[in-house]
Amino acid sequence: MARVTVVGSCNIDLVTRTARFPRPGEHLIATDFGTYLGGKGANQAVASSRAGAHVKMVGSVGDDDFGAHIIATLATEGIDVGRVRKDAALPTGNASIWLDERGENQILVYSGANQSLAYADATDALSDLKAGDVVLMQLEVPMPTVLESARLASSRGAIVVLNAAPAVPLEDELWRFVTVLVVNETEAAALSNGEPPVAAALALLGRGCGSVVVTLGQDGCIVATAEAVAVERISAFAPVRVVDATGAGDAFCGVLAAKMAAGSQVVEAARWGNAAGSLAVEVIGAIPSMPSKSSIERRVSQAGTKL
């Protein structure tokens, strides 16, 4: 079975719906509220698992009710949670998410226990890596943990997928350990001194990673690979309707990782990621919106795209 290890964040998402976002100083009445499991790491772990991969989660939560809920929920998804540690000093991370009637979002994240995930915790959890396994990471845990995990994974012949979100400067040494860098248009610009997507993808490729994927929302994504030194544009799949865009990027990354762990090349994996993202925006909440393998297959098939 394809194996994916996710080194990343585990949060609780506090989601509030409103017709429109309030202006500074304005008081509005919300239309709905819900509490969901989230965090880019947890979201992407669930996406990979539902896409058919065997997934191990490496993360840190508080020794509190939220943390217990996260661990239990991930376990029900068939995810190995033996490496999710409990921190007695810090609370579980959380994200306050506002959604307007168009499905757009504004997000404020408190890292909490995510920031206590040390590189020793992660590298110990990666000791059983084999060539062809995928290690999927984001930037909501400390940078030394990301760097050392990528270094170890690369030395074992594993595929390193880094979703560079949120956009922060990357360690120079990190680039050469990254097999696939995934960023959205805003993150690509931030990492390339404001370049537009195609130029940004090529500029980031030049930093030493194997390939770069820039996601473009309703416009699909572009993929730049070191082998071709060129950019391929992959069309989007049209959602039925947009309800909540919060988990779309995480669905993309998790499914891309699962496909690459199963042997797909990055372009094919990105097509599946596009399909997963289009399904995710149709459902409110990050974890609830992560699609099943069968639903992704149906969307790809209905679009007339060869798997």
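A nonpolar core is here a set of buried Ala, Val, Leu, Ile, Met, Phe, Trp, Tyr and Cys residues that are joined through side-chain atoms within 4.5 Å. In the present structure, which is a predicted model, the largest such core holds 54 residues. Within this core, Val 4, Leu 74, Val 213 and Leu 256 touch the most other members. The surroundings of Val 213 illustrate how distant parts of the sequence are brought together. Neighbours up to four places away in sequence being set aside, Val 213 touches Val 180, Leu 181, Val 182 and Val 183, among others. The list of its contacts also includes Cys 221, Ile 222 and Val 223, as well as Phe 252, Leu 256 and Val 266. Leu 256 thus appears both as a contact of Val 213 and as one of the four residues that touch the most other members of the core. A second core, separate from the largest one, comprises 40 residues, including Ala 125, Val 135, Val 178 and Ala 201. In soluble globular proteins, nonpolar side chains tend to be buried together.

The overall fold was considered next. The chain contains 10 helices and 13 strands. A compact globule of 307 residues would have a radius of gyration near 19 Å, and the value of 18 Å found for the chain agrees with this expectation. Along the principal axes, the C-alpha atoms fill a box of roughly 55 × 45 × 40 Å. Of the 307 residues, 53% are buried. Among contacts with a separation of 6 or more, 68% join residues that are 24 or more positions apart. The exposed area of the chain amounts to about 12800 Å², of which carbon and sulfur atoms supply 52%. The side chains include 24 positive and 32 negative ones, and the centres of these two sets lie 5 Å apart.

Several loop residues differ in their exposure. Ile 29 is located in the loop between β2 (11-17) and β3 (32-38). With a relative accessible area of 70%, Ile 29 is above the 50% cut-off and is therefore classed as exposed. The C-alpha atom of Ile 29 is separated by 9.5 Å from that of Arg 17, a residue 12 positions away along the chain. Asn 114, by contrast, is buried, with a relative accessible area of 2%. Asn 114 occupies the loop between β7 (105-110) and α3 (119-125). Beyond its neighbours within four places in sequence, Asn 114 is in contact with Gly 8, Ser 9, Cys 10 and Asn 11, and also with Ser 60 and Gly 93. Its remaining contacts are Glu 140, Val 141 and Pro 142.

Asp 133 is found in the loop between α3 and β8 (134-137). A relative accessible area of 8% falls under the 20% limit, so Asp 133 counts as buried. Neighbours within four places in sequence being left aside, Asp 133 is in contact with Arg 3, Asp 128, Ala 158 and Ile 159. Ile 79 is 54 residues from Asp 133 along the chain, and the C-alpha atoms of the two are separated by 15 Å.

Helix α4 and the loop between β9 and β10 are linked through a further group of residues. Leu 147 belongs to helix α4 (residues 143-155) and is buried, with a relative accessible area of 9%. Apart from residues up to four places away in sequence, Leu 147 touches Glu 171, Glu 173, Leu 174 and Phe 177. Of these contacts, Glu 173 lies in the loop between β9 and β10. Glu 173 has a relative accessible area of 30% and is partly exposed. With sequence neighbours up to four places away excluded, Glu 173 touches Leu 147 and Arg 151. The C-alpha atoms of Glu 173 and Ala 286 lie 32 Å apart, at a sequence separation of 113 residues. Between Leu 147 and Ala 165, which are 18 residues apart in sequence, the C-alpha distance is 14 Å.

Two features of the backbone geometry were also noted. The peptide bond from Ala 165 to Pro 166 is cis, with omega near -5°. Pro 166 is placed in the loop between β9 (159-163) and β10 (180-184). Asn 193, a residue other than glycine, has a positive phi near 60°. Asn 193 lies in the loop between α5 (185-191) and α6 (197-205) and, at 79% relative accessibility, counts as exposed.

Definitions and conventions
Residues numbered from 1 in each chain as written. Predicted model: local features only at pLDDT ≥ 70, side-chain atom pairs only at ≥ 80, totals over all residues. Heavy atoms only, no water. Helix = DSSP H or I, 4+ residues; strand = E, 2+ residues; numbered from the N terminus. Rg over C-alpha atoms; globule rule 2.2 N^0.38 Å. Buried < 20%, exposed > 50% of the residue type's maximum accessible area, 1.4 Å probe, protein only. Contact = heavy atoms within 4.5 Å. Areas by Shrake-Rupley, 256 points an atom, 1.4 Å probe, with all protein chains shown as cover. Lys, Arg positive; Asp, Glu negative; His and termini not counted. Charge placed at Lys NZ, Arg CZ, Asp CG, Glu CD.
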